Amino acid sequence: MNLRKSLIERDPVAILAPVVAVALALVVGAGILLALGKDPMEAYGSMLKGAFGDANRLNNTITRAIPLLLVAIGICISFRGGVINIGAEGQLFIGAVAVTAFSVTVGGSLPAILAVPLALLVGFSAGAAWGAIPGYLKAYFDVNEILSTVMMNQIATQMLLLLLSGPLIDPREIQLGTRIPQSAQLPESVWLGRLAPPSRLHTGVFIALLAAVVVYLLLWRTPLGYRVRAVGQNKDAARYAGISVPLYMVLSLTLSGGLAGLAGTVEVMGVTRRMVEGFAVGYGFSGIVVALFGRLHPLGAIPSAFFFGALLTGAEQMQRTIQVPSATMIALQGLVVIFVVSSDVWVRRRAVRRAARLGSESPAVELSMETVAAEAK
Amino acid sequence: MESSRTLLDILIAASGLTLAAATPFLFAALGELFAQRSGVLNLGVEGIMLMGAFTSVFVISDKGFNAHPAVGLLVAMLVGALMGLMMAFVSVTLQAEQGISGIGLTLFGQGMSTLLFRVLAAGVIVAGGVEKIDLPVLSNLPVLGSIFFHQDILTYAAFALVPISVWVLNRTTWGLQVRAVGQNPQAADSMGVNVARVRYSAVILGGVLAGVAGASLSMALTGVFQENMTAGRGFIAVALVYFGGWSPWKVMAGALLFSAANNLQIWVQVLDVRVAGAAIPPNLLIMLPYVLTIVVLIFARERQRREPAALTKPFERGEN
């Protein structure tokens, strides 16, 4: 058993660190707003009201959390697998575009019982394929995945615009001559039902929650998940234990991309029901923040997604009512990321100190190598 | 005769523009090169560029202080230095994971620049920009004169920075220290080099240059600020450092290549290039530099053997 690792997992400070990070980011944000001549109390107050003010707003907050959760659990897989996927944004777009193409062509002629699962599968697969590319390049060509996934985001954005102004454009936009780059409305057979109108809360919430549980079980209760995490913790040890490191790198980015694709799919089937320019912009990046805030744990991502769903929904309200741009939230998310990763060191040092106090300064690397080797047999 | 004359003019203008548009790539990539040679991967370049782009054009515009462009440049440098300091603190002192913290810094820069742009400038900034300077004698050369010697001061500076960077890295004590702490921090430390201090200075210099890169994009190239106007150029600059195998001259070659790819859209429109009689969709052309980046990273694989050995690895004294 890796003592240092288990001390990190059990340290209450480790669990509190993300909360402190968000609190700090909000304080810094208040300072920035104050400097810009905006009342931070009023701003945060309108955020709170916008996110939780009444049942309808609460439902919209949950609606917003759905794609964030799906992206975040995908990020959990890739980060746990030692692959830094910054490409959720593009994978989400590609999933949504693929499902739109599927729906406006064949989806309408199928009964809902067939069309919905097929559509989900199409969206997942498209995102997975988009994620597999940088995964493959990382595993076999040593291409830095952070850079390649960022580039894949830009390519996906342009691809989206290209398709929406060309093959996928709503025929009515051409008839009317307005040529707004958006798709036709999806056929009703692929819609995810609304749970509490007039809010846009849809049945995708169950898909997201189910996916979080499945990914948790996959990562911690199956040999496959075990190998993904082993590669993430120590590539040399994993290789020594006979795990095909490149294969699992591709796999973790593929699954990660698939879940991001599913996020876009669920969003287009449940919320917008057509692809539009500016669809779900920023969700891919927010999902990374959600995952880090949930300590890269699929179940931790559930409350985390709800919290960031509230922040984003609240920020929109803040922009409408007191004209504080919602971009404030992007800046604060950046700070949360910086604070969370910075706190890791502190938590690690605490673990080292506590391990020393327990009288067993165990060299973590060698220990984990043995564990991996033993358990893989 | 008349039409070939205009074609030549177009090509001259396009080549001149390619040099000018390479400026932000060059500044950002050379700055990143120093950070990486010291062992720090700074992925916050994109965010720093955005903040540099906004602050510089803001102070010189009538929305701000109508300041001289030199003041705008100084402000961008200062903002870049501060954000570089942030990155250095997080990566050197706190030893945080560099890839993710850089993404955090980029998100921060994106959000902050948009926030400031909307609040302070109500979402519109247009500024006079930076004047082109004709170098005496040289600018009178036929063809070459108007391509190479009719540029603004930032472009001249960016290209001058290439040999300067080579000289600094290879011929100065500081440059030697930067390379040493990036290659073998333990050895450098035992020779009495303050690893943390050298890394701080390299990352802050990288931040300053990223700020200048942003300023060159907003003040000199376009004269405006737009939300997320860098559009991934900061990340491309990081990729250029890999592409150039951590050598300033090759980084320059890469910057020119990407600038040309970035301008392809304009070239194709001006020259009215058609494939099988149909116009090429602009989105495809905009995609090109990003596709090129990935392709280049695949082929830069051989060069990665020259990667600084301690890149992304934090250093702790007494640790071996």
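**Contacts in chain B.** I started with the contacts in chain B at a separation of 6 or more, and 79% of them turn out to join residues 24 or more positions apart. Note to self: this is a predicted model.

**Overall build.** Next I looked up the secondary structure of chain B and got 12 helices and four strands. I then checked burial: of the 320 residues in chain B, 52% are buried.

**Dimensions.** I took the extent of the C-alpha trace along the principal axes of chain B, and it spans about 70 × 45 × 45 Å. What radius of gyration does chain B have? I found 20 Å, and since a compact globule of 320 residues would come out near 20 Å, the two agree.

**A helix pair.** I picked out H6, residues 153-171 of chain B, and H11, residues 248-271 of chain B. For a packed pair I want the angle between the axes and the distance between them. Here the axes come within 9 Å and cross at roughly 155 degrees. Angles over 145 degrees count as roughly antiparallel, so that is how I logged H6(B) and H11(B) relative to each other. I also noted the handedness: H6(B) passes H11(B) in a right-handed crossing.

**Who meets whom.** Which residues of H6(B) meet H11(B)? On the H6(B) side I listed B:Val162, B:Ser165 and B:Val166, and on the H11(B) side B:Pro248, B:Trp249 and B:Met252. I sorted the residues of this contact by character and got five nonpolar, one polar and no charged. The polar one is B:Ser165.

Technical notes: Residues numbered from 1 in each chain as written. Chains lettered and ligands numbered in written order. Predicted model: local features only at pLDDT ≥ 70, side-chain atom pairs only at ≥ 80, totals over all residues. Helix = DSSP H or I, 4+ residues; strand = E, 2+ residues; numbered from the N terminus. Rg over C-alpha atoms; globule rule 2.2 N^0.38 Å. Buried ≥ 20, exposed ≤ 12 C-beta atoms within 10 Å, placed from the backbone. Contact = placed C-beta atoms within 7 Å. Axes fitted to C-alpha atoms, helices over the stretch in contact; angles between N-to-C directions. Parallel < 35°, antiparallel > 145°, perpendicular 65-115°, else oblique. Left-handed = near helix turned anticlockwise from the far one by under 90°.
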